[in-house]
Amino acid sequence: MGNETSKAEVWGKALMAISVRRPVPARFPISGEYLQADGYWTPDHKHLGVDFDCPTGTPVESATIVGLVYAVHRPGDGWGNGSFGICVIIDIPNTPWYYIYAHLSAVKVTVGETVKPGDIIGLSGATGEVT
């Protein structure tokens with residue numbers, strides 16, 4: 001039982017496999033890795049994302065294959081617990097997968113818009129719960 005892989009882990013690994021690009025330039029290092037379980041994160045509360053260390057206001061590009069902007073959320077809008085801060089959710093059509101671009105300082109897309117690799121989703125920030 002202890003070695004079972006959760007559905008979130010499987011989906012997260014699959015999403016990383018279909019990513020076609022980084023959302024920010026390679027000069028900005030990864031600061032929080034997928035399934036990280038140290039520091040703020042624990043074995044019972046793993047980090048289910050990839051964070052990048054870049055200055056606020058850095059353009060964040062779509063890393064997905066073609067997707068549809070499903071939702072745009074801001075703290076206090078009644079969605080989630082606010083930990084993602086300002087975020088954009090991109091649905092990958094015909095799959096159970098989606099991308100969440102979290103902690104943004106600004107949003108540059110609208111709900112219902114189709115995005116392709118390299119389109120600007122928003123600007124990086126430190127909204128929500130960040131370390």
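## A guided tour of a predicted chain

Begin by selecting Lys116 and Asp119, which form a salt bridge in which the closest N and O atoms are 3.1 Å apart. Please keep in mind during the whole tour that the model is predicted. The salt-bridge count for this structure comes to 1, and the general idea behind such a pairing is that side chains of opposite charge can pair when their charged atoms come close. If you colour Lys116 by accessibility, you will find that its relative accessibility is 47%, so it counts as partly exposed, since that value falls between the cut-offs of 20% and 50%.

**Next, select Pro117.** This residue is found in the loop between strand E8 (114-115) and strand E9 (120-123). Pro117 has a relative accessible area of 34% and is therefore partly exposed. Now add Gly67 to the selection and draw a distance between the two C-alpha atoms: Pro117 and Gly67 are 50 residues apart in sequence, while in space they are 8.9 Å apart.

**Then show the whole chain as a cartoon.** You will see 1 helix and 9 strands, and if you follow the elements from the N terminus on, they run α-β-β-β-β-β-β-β-β-β. Of the 131 residues in the chain, 33% are buried. Among the contacts with a separation of 6 or more, 55% are between residues that are 24 or more positions apart. If you switch to a surface view, the chain exposes about 7,800 Å², of which carbon and sulfur atoms supply 55%.

**Now look for the nonpolar core.** In soluble globular proteins, nonpolar side chains tend to be buried together. In this model, the largest nonpolar core has 17 residues, and those with the most contacts inside it are Val88, Ile90 and Tyr101. The elements that give two or more residues to this core are strand E4 (67-73), strand E5 (86-91) and strand E6 (98-104), so it is convenient to colour these strands before you go further.

**Select Tyr101 and show what surrounds it.** Which residues is Tyr101 in contact with, leaving aside its neighbours within four places in sequence? The residues to display are Pro23, Val60, Glu61, Ser62, Ala63, Thr64, Ile86, Cys87, Val88, Ile90 and Ile121. From Tyr101, draw a distance to Asp51, whose place is in strand E2 (residues 51-52). The two residues are 50 residues apart in sequence, and their C-alpha atoms are 9.5 Å apart in space. Asp51 has a relative accessibility of 25%, and because the cut-off for buried is under 20%, it counts as partly exposed.

**Stay with Cys87 and then add Cys54.** Cys87, one of the contacts of Tyr101, is buried, with a relative accessible area of 0%. Cys54 also counts as buried, at 18% relative accessibility, because this value is under 20%. How many disulfides does the structure hold? A disulfide is a covalent bond between the sulfur atoms of two cysteines, and the structure holds 0 of them.

**Move along strand E6, beginning with Tyr98.** The place of Tyr98 is in strand E6, and at 42% relative accessibility this residue counts as partly exposed. If you select Phe84 and Ile100 together with Tyr98, you will see a nonpolar patch on the surface, and its residues together have about 250 Å² of accessible area.

**In the same strand, select His103.** His103 is found in strand E6 and has a positive phi of about 65 degrees, although it is not a glycine. Is His103 buried or exposed? At 14% relative accessibility, His103 counts as buried. For a second residue with a positive phi, go to Asn94, where the angle is about 65 degrees although Asn94 is not a glycine. Asn94 is found in the loop between E5 and E6, and at 84% relative accessibility it counts as exposed.

**Finish at Gly82.** This glycine lies in the loop between E4 and E5 and, with a relative accessibility of 26%, counts as partly exposed. Gly82 and His103 are 21 residues apart along the chain, and their C-alpha atoms are separated by 9.8 Å. As a last step, display Gly128 and Glu129, which Gly82 touches when residues up to four places away in sequence are not counted.

Conventions:
Residues numbered from 1 in each chain as written. Predicted model: local features only at pLDDT ≥ 70, side-chain atom pairs only at ≥ 80, totals over all residues. Heavy atoms only, no water. Core = buried A, V, L, I, M, F, W, Y, C linked by side-chain atoms within 4.5 Å. Buried < 20%, exposed > 50% of the residue type's maximum accessible area, 1.4 Å probe, protein only. Helix = DSSP H or I, 4+ residues; strand = E, 2+ residues; numbered from the N terminus. Contact = heavy atoms within 4.5 Å. Patch = residues over 30% accessible without salt bridge, like charges linked within 9 Å, V, L, I, M, F, W, Y side chains within 5 Å. Areas by Shrake-Rupley, 256 points an atom, 1.4 Å probe, with all protein chains shown as cover. Salt bridge = Lys/Arg side-chain N within 4 Å of Asp/Glu carboxyl O. Disulfide = S-S within 2.5 Å.
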